[in-house]
Amino acid sequence: MSAIHPTAVIDGRAEIGRDVEIGPYAIVGPDVIIGDGTVLMPHAVVERWTRIGRRCRIHPFAVLGGAPQDLKYRGEETWLEVGDETVVREAATLNRGTAGGIGKTVVGRRCLLMAYSHVAHDCVLGDNVILANAATLAGHVTVEDYVILGGLAAVQQFARLGAHSFIGGTSGVNQDVAPYMLVSGVPASNRGLNLVGLKRRGFSEETIRALKRAYQTIFRSGTTLAKALEQVRAELGDVPEVVRLVEFIEGSKIGVCR
(Lines give C-alpha, C1' and ligand atoms only; values in the text may rest on other atoms or scores of the structure.)
Protein backbone atom coordinates (compact mmCIF):
# COMPACT_ATOMS: atom_id res chain seq x y z
CA MET A 1 0.00 0.00 0.00
CA SER A 2 1.29 3.46 -0.86
CA ALA A 3 1.93 6.04 1.85
CA ILE A 4 0.75 9.50 0.81
CA HIS A 5 1.03 12.40 3.24
CA PRO A 6 -2.26 14.28 3.67
CA THR A 7 -0.67 17.58 2.61
CA ALA A 8 0.51 16.18 -0.73
CA VAL A 9 -1.46 17.31 -3.79
CA ILE A 10 -2.17 14.45 -6.21
CA ASP A 11 -4.11 15.02 -9.40
CA GLY A 12 -6.90 12.53 -9.96
CA ARG A 13 -5.50 11.52 -13.35
CA ALA A 14 -2.15 10.44 -11.91
CA GLU A 15 -1.36 6.72 -11.70
CA ILE A 16 0.43 5.79 -8.49
CA GLY A 17 2.05 2.36 -8.21
CA ARG A 18 2.32 0.08 -5.19
CA ASP A 19 4.41 0.94 -2.14
CA VAL A 20 4.99 4.51 -3.33
CA GLU A 21 5.83 7.11 -0.69
CA ILE A 22 4.80 10.72 -1.27
CA GLY A 23 5.93 13.18 1.37
CA PRO A 24 4.50 16.41 2.77
CA TYR A 25 3.65 19.16 0.26
CA ALA A 26 4.77 17.12 -2.74
CA ILE A 27 2.82 17.81 -5.94
CA VAL A 28 1.90 15.27 -8.62
CA GLY A 29 0.22 16.60 -11.73
CA PRO A 30 -2.16 15.04 -14.27
CA ASP A 31 -1.12 12.23 -16.60
CA VAL A 32 1.78 11.25 -14.34
CA ILE A 33 2.75 7.61 -13.88
CA ILE A 34 4.83 6.67 -10.83
CA GLY A 35 6.27 3.16 -10.60
CA ASP A 36 6.21 0.79 -7.65
CA GLY A 37 8.41 1.59 -4.68
CA THR A 38 9.33 5.12 -5.76
CA VAL A 39 9.75 7.81 -3.11
CA LEU A 40 8.82 11.48 -3.57
CA MET A 41 10.27 13.45 -0.70
CA PRO A 42 8.71 16.62 0.77
CA HIS A 43 8.14 19.46 -1.72
CA ALA A 44 9.11 17.38 -4.77
CA VAL A 45 7.15 18.38 -7.88
CA VAL A 46 6.20 16.08 -10.76
CA GLU A 47 4.38 17.92 -13.50
CA ARG A 48 2.19 16.45 -16.22
CA TRP A 49 3.14 13.89 -18.89
CA THR A 50 5.87 12.36 -16.78
CA ARG A 51 6.58 8.66 -16.30
CA ILE A 52 8.83 7.64 -13.39
CA GLY A 53 10.08 4.08 -13.05
CA ARG A 54 10.28 1.79 -10.07
CA ARG A 55 12.27 2.40 -6.89
CA CYS A 56 13.33 5.92 -7.82
CA ARG A 57 14.04 8.58 -5.19
CA ILE A 58 13.05 12.17 -5.90
CA HIS A 59 14.46 14.61 -3.35
CA PRO A 60 12.97 17.88 -2.06
CA PHE A 61 12.38 20.75 -4.49
CA ALA A 62 13.30 18.72 -7.56
CA VAL A 63 10.99 19.50 -10.50
CA LEU A 64 10.34 16.72 -13.01
CA GLY A 65 8.35 17.18 -16.19
CA GLY A 66 8.44 20.95 -16.39
CA ALA A 67 7.59 22.50 -19.74
CA PRO A 68 10.61 22.78 -22.05
CA GLN A 69 12.49 26.06 -21.96
CA ASP A 70 11.92 26.56 -25.67
CA LEU A 71 10.22 29.64 -27.09
CA LYS A 72 8.62 27.49 -29.80
CA TYR A 73 6.77 25.33 -27.27
CA ARG A 74 3.00 25.82 -27.40
CA GLY A 75 1.77 23.30 -24.87
CA GLU A 76 1.90 20.19 -27.03
CA GLU A 77 1.79 16.79 -25.31
CA THR A 78 5.40 15.77 -24.80
CA TRP A 79 6.90 13.51 -22.16
CA LEU A 80 9.61 12.96 -19.61
CA GLU A 81 10.56 9.33 -18.95
CA VAL A 82 12.76 8.35 -15.99
CA GLY A 83 14.10 4.81 -15.64
CA ASP A 84 14.09 2.49 -12.64
CA GLU A 85 16.25 3.16 -9.57
CA THR A 86 17.26 6.64 -10.65
CA VAL A 87 17.95 9.23 -7.95
CA VAL A 88 17.15 12.91 -8.51
CA ARG A 89 18.62 15.15 -5.84
CA GLU A 90 17.55 18.50 -4.44
CA ALA A 91 16.39 21.25 -6.83
CA ALA A 92 17.35 19.34 -9.99
CA THR A 93 15.19 20.12 -13.03
CA LEU A 94 14.20 17.70 -15.80
CA ASN A 95 12.13 19.13 -18.66
CA ARG A 96 9.82 17.39 -21.10
CA GLY A 97 10.62 17.05 -24.81
CA THR A 98 9.38 19.19 -27.69
CA ALA A 99 7.28 18.48 -30.74
CA GLY A 100 10.14 19.76 -32.88
CA GLY A 101 12.53 17.30 -31.24
CA ILE A 102 11.86 13.66 -30.41
CA GLY A 103 8.82 14.49 -28.31
CA LYS A 104 10.31 13.26 -25.06
CA THR A 105 13.21 13.57 -22.67
CA VAL A 106 14.61 10.25 -21.49
CA VAL A 107 16.69 9.42 -18.41
CA GLY A 108 17.86 5.83 -18.09
CA ARG A 109 18.11 3.43 -15.19
CA ARG A 110 20.26 3.84 -12.08
CA CYS A 111 21.25 7.40 -12.90
CA LEU A 112 22.25 9.94 -10.26
CA LEU A 113 21.33 13.55 -10.98
CA MET A 114 22.82 15.62 -8.18
CA ALA A 115 21.55 18.87 -6.71
CA TYR A 116 20.77 21.71 -9.12
CA SER A 117 21.63 19.66 -12.20
CA HIS A 118 19.53 20.32 -15.31
CA VAL A 119 18.37 18.04 -18.12
CA ALA A 120 16.81 20.07 -20.93
CA HIS A 121 14.22 19.10 -23.52
CA ASP A 122 14.79 16.14 -25.85
CA CYS A 123 17.91 14.92 -24.05
CA VAL A 124 18.47 11.16 -23.98
CA LEU A 125 20.51 9.73 -21.11
CA GLY A 126 21.58 6.10 -20.97
CA ASP A 127 21.97 3.97 -17.85
CA ASN A 128 24.27 4.66 -14.90
CA VAL A 129 24.86 8.30 -15.85
CA ILE A 130 26.02 10.74 -13.15
CA LEU A 131 25.52 14.49 -13.30
CA ALA A 132 27.34 16.17 -10.42
CA ASN A 133 26.05 19.32 -8.74
CA ALA A 134 24.81 22.00 -11.16
CA ALA A 135 25.90 20.12 -14.29
CA THR A 136 23.78 21.35 -17.19
CA LEU A 137 22.66 19.72 -20.43
CA ALA A 138 21.20 21.92 -23.17
CA GLY A 139 18.50 20.57 -25.44
CA HIS A 140 18.89 17.50 -27.66
CA VAL A 141 22.03 16.20 -25.91
CA THR A 142 22.71 12.45 -26.04
CA VAL A 143 24.54 10.92 -23.06
CA GLU A 144 25.53 7.29 -23.41
CA ASP A 145 25.92 4.73 -20.58
CA TYR A 146 28.27 5.33 -17.64
CA VAL A 147 29.09 8.94 -18.50
CA ILE A 148 30.05 11.21 -15.59
CA LEU A 149 29.80 15.02 -15.68
CA GLY A 150 31.66 16.98 -13.02
CA GLY A 151 30.11 19.85 -11.12
CA LEU A 152 29.12 22.96 -13.09
CA ALA A 153 29.97 21.31 -16.42
CA ALA A 154 27.84 22.58 -19.31
CA VAL A 155 27.07 20.83 -22.61
CA GLN A 156 25.79 22.61 -25.72
CA GLN A 157 22.79 21.56 -27.79
CA PHE A 158 22.97 18.44 -29.96
CA ALA A 159 26.29 17.27 -28.50
CA ARG A 160 26.87 13.56 -27.85
CA LEU A 161 28.79 12.20 -24.89
CA GLY A 162 30.17 8.74 -25.63
CA ALA A 163 29.92 5.81 -23.25
CA HIS A 164 32.30 5.70 -20.27
CA SER A 165 33.55 9.24 -20.86
CA PHE A 166 34.29 11.70 -18.08
CA ILE A 167 33.72 15.45 -18.32
CA GLY A 168 35.71 17.46 -15.80
CA GLY A 169 34.08 19.97 -13.50
CA THR A 170 33.38 23.50 -14.83
CA SER A 171 34.06 22.33 -18.39
CA GLY A 172 32.27 23.80 -21.40
CA VAL A 173 31.54 21.11 -23.98
CA ASN A 174 30.83 22.42 -27.49
CA GLN A 175 31.60 19.26 -29.48
CA ASP A 176 31.01 15.54 -29.16
CA VAL A 177 33.03 13.64 -26.56
CA ALA A 178 34.32 10.33 -27.87
CA PRO A 179 33.67 7.16 -25.85
CA TYR A 180 36.17 6.23 -23.11
CA MET A 181 37.76 9.70 -23.07
CA LEU A 182 38.39 12.30 -20.38
CA VAL A 183 37.85 15.93 -21.37
CA SER A 184 38.06 19.19 -19.48
CA GLY A 185 38.43 22.90 -19.97
CA VAL A 186 36.60 25.74 -21.72
CA PRO A 187 36.18 24.80 -24.45
CA ALA A 188 36.67 21.19 -23.43
CA SER A 189 39.62 19.35 -24.95
CA ASN A 190 40.68 15.73 -24.85
CA ARG A 191 43.04 14.89 -21.98
CA GLY A 192 43.36 11.16 -22.64
CA LEU A 193 41.57 7.94 -21.80
CA ASN A 194 39.29 7.76 -18.76
CA LEU A 195 41.60 5.12 -17.31
CA VAL A 196 40.23 5.22 -13.78
CA GLY A 197 36.69 4.70 -15.02
CA LEU A 198 37.66 1.91 -17.41
CA LYS A 199 39.53 0.00 -14.70
CA ARG A 200 36.71 0.43 -12.21
CA ARG A 201 34.24 -1.02 -14.69
CA GLY A 202 36.31 -4.08 -15.38
CA PHE A 203 37.75 -3.41 -18.83
CA SER A 204 40.54 -5.88 -19.52
CA GLU A 205 44.16 -4.80 -19.78
CA GLU A 206 44.17 -5.98 -23.38
CA THR A 207 41.21 -3.75 -24.25
CA ILE A 208 42.74 -0.77 -22.46
CA ARG A 209 46.01 -1.25 -24.34
CA ALA A 210 44.12 -1.31 -27.63
CA LEU A 211 42.23 1.86 -26.70
CA LYS A 212 45.52 3.55 -25.77
CA ARG A 213 46.94 2.73 -29.20
CA ALA A 214 43.80 4.00 -30.87
CA TYR A 215 43.90 7.21 -28.81
CA GLN A 216 47.51 7.92 -29.77
CA THR A 217 46.79 7.39 -33.46
CA ILE A 218 43.56 9.39 -33.58
CA PHE A 219 44.34 12.26 -31.26
CA ARG A 220 48.11 12.58 -31.02
CA SER A 221 49.73 11.32 -34.22
CA GLY A 222 49.29 14.53 -36.18
CA THR A 223 47.83 12.75 -39.19
CA THR A 224 44.47 13.67 -40.65
CA LEU A 225 41.43 12.33 -38.84
CA ALA A 226 40.28 10.30 -41.83
CA LYS A 227 43.64 8.60 -42.23
CA ALA A 228 43.93 7.99 -38.49
CA LEU A 229 40.54 6.30 -38.34
CA GLU A 230 41.40 4.18 -41.37
CA GLN A 231 44.66 3.09 -39.74
CA VAL A 232 43.01 2.27 -36.42
CA ARG A 233 40.30 0.23 -38.10
CA ALA A 234 42.94 -1.72 -40.06
CA GLU A 235 45.16 -2.39 -37.04
CA LEU A 236 42.62 -2.81 -34.24
CA GLY A 237 39.38 -3.64 -36.00
CA ASP A 238 39.01 -6.88 -34.05
CA VAL A 239 38.51 -5.01 -30.75
CA PRO A 240 34.79 -4.12 -30.29
CA GLU A 241 35.52 -1.10 -28.10
CA VAL A 242 37.87 0.35 -30.70
CA VAL A 243 35.28 -0.19 -33.43
CA ARG A 244 32.73 1.62 -31.27
CA LEU A 245 35.16 4.52 -30.84
CA VAL A 246 35.82 4.78 -34.57
CA GLU A 247 32.14 4.56 -35.51
CA PHE A 248 31.22 7.22 -32.95
CA ILE A 249 33.77 9.66 -34.38
CA GLU A 250 32.73 8.88 -37.96
CA GLY A 251 29.13 9.64 -37.01
CA SER A 252 29.88 13.02 -35.48
CA LYS A 253 28.11 16.00 -37.05
CA ILE A 254 29.72 18.74 -34.93
CA GLY A 255 33.22 17.29 -34.51
CA VAL A 256 34.78 15.68 -31.46
CA CYS A 257 36.75 17.27 -28.64
CA ARG A 258 40.45 17.01 -29.56
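D84 is buried in this predicted model, with a relative accessible area of 19%. The cut-off for buried is under 20%, so D84 counts as buried. D84 sits in the loop between β12 (79-82) and β13 (87-88). The points below cover the contacts of D84, then an open sheet, then helix α3.

**Surroundings of D84**
- Neighbours within four places in sequence are left aside here; beyond them, D84 is in contact with G53, R54, C56, R109 and R110.

**The open sheet**
- An open sheet is formed by 9 strands, and their pairing is parallel.
- The order of the strands is β2-β5-β8-β11-β14-β17-β20-β23-β26.
- β2 (9-10) and β26 (172-173) stand at the edges with a single partner strand each, so one side of each has no neighbour in the sheet.
- Strand β23 (residues 154-155) runs parallel to β26, and 2 bridges join them.
- V155 has V173 in β26 as its bridge partner.

**Helix α3**
- Helix α3 covers residues 225-236, which is 12 residues.
- From its first C-alpha to its last, α3 reaches 16 Å, close to the 16 Å expected at 1.5 Å a residue.
- In α3, the buried residues are A228, L229, V232 and L236.
- These residues cover an arc of only 95° around the axis, which means that they lie on the same side of α3.
- The buried residues of α3 pack against two helices, α2 (205-220) and α4 (240-250).
- Exposed residues A226, K227, E230 and A234 are carried on the face of α3 turned away from its buried side.

Notes
Residues numbered from 1 in each chain as written. Predicted model: local features only at pLDDT ≥ 70, side-chain atom pairs only at ≥ 80, totals over all residues. Heavy atoms only, no water. Helix = DSSP H or I, 4+ residues; strand = E, 2+ residues; numbered from the N terminus. Expected span 1.5 Å × (residues − 1). Buried < 20%, exposed > 50% of the residue type's maximum accessible area, 1.4 Å probe, protein only. Arc of directions from axis to C-beta. Contact = heavy atoms within 4.5 Å. Pairing = 2+ DSSP bridges.
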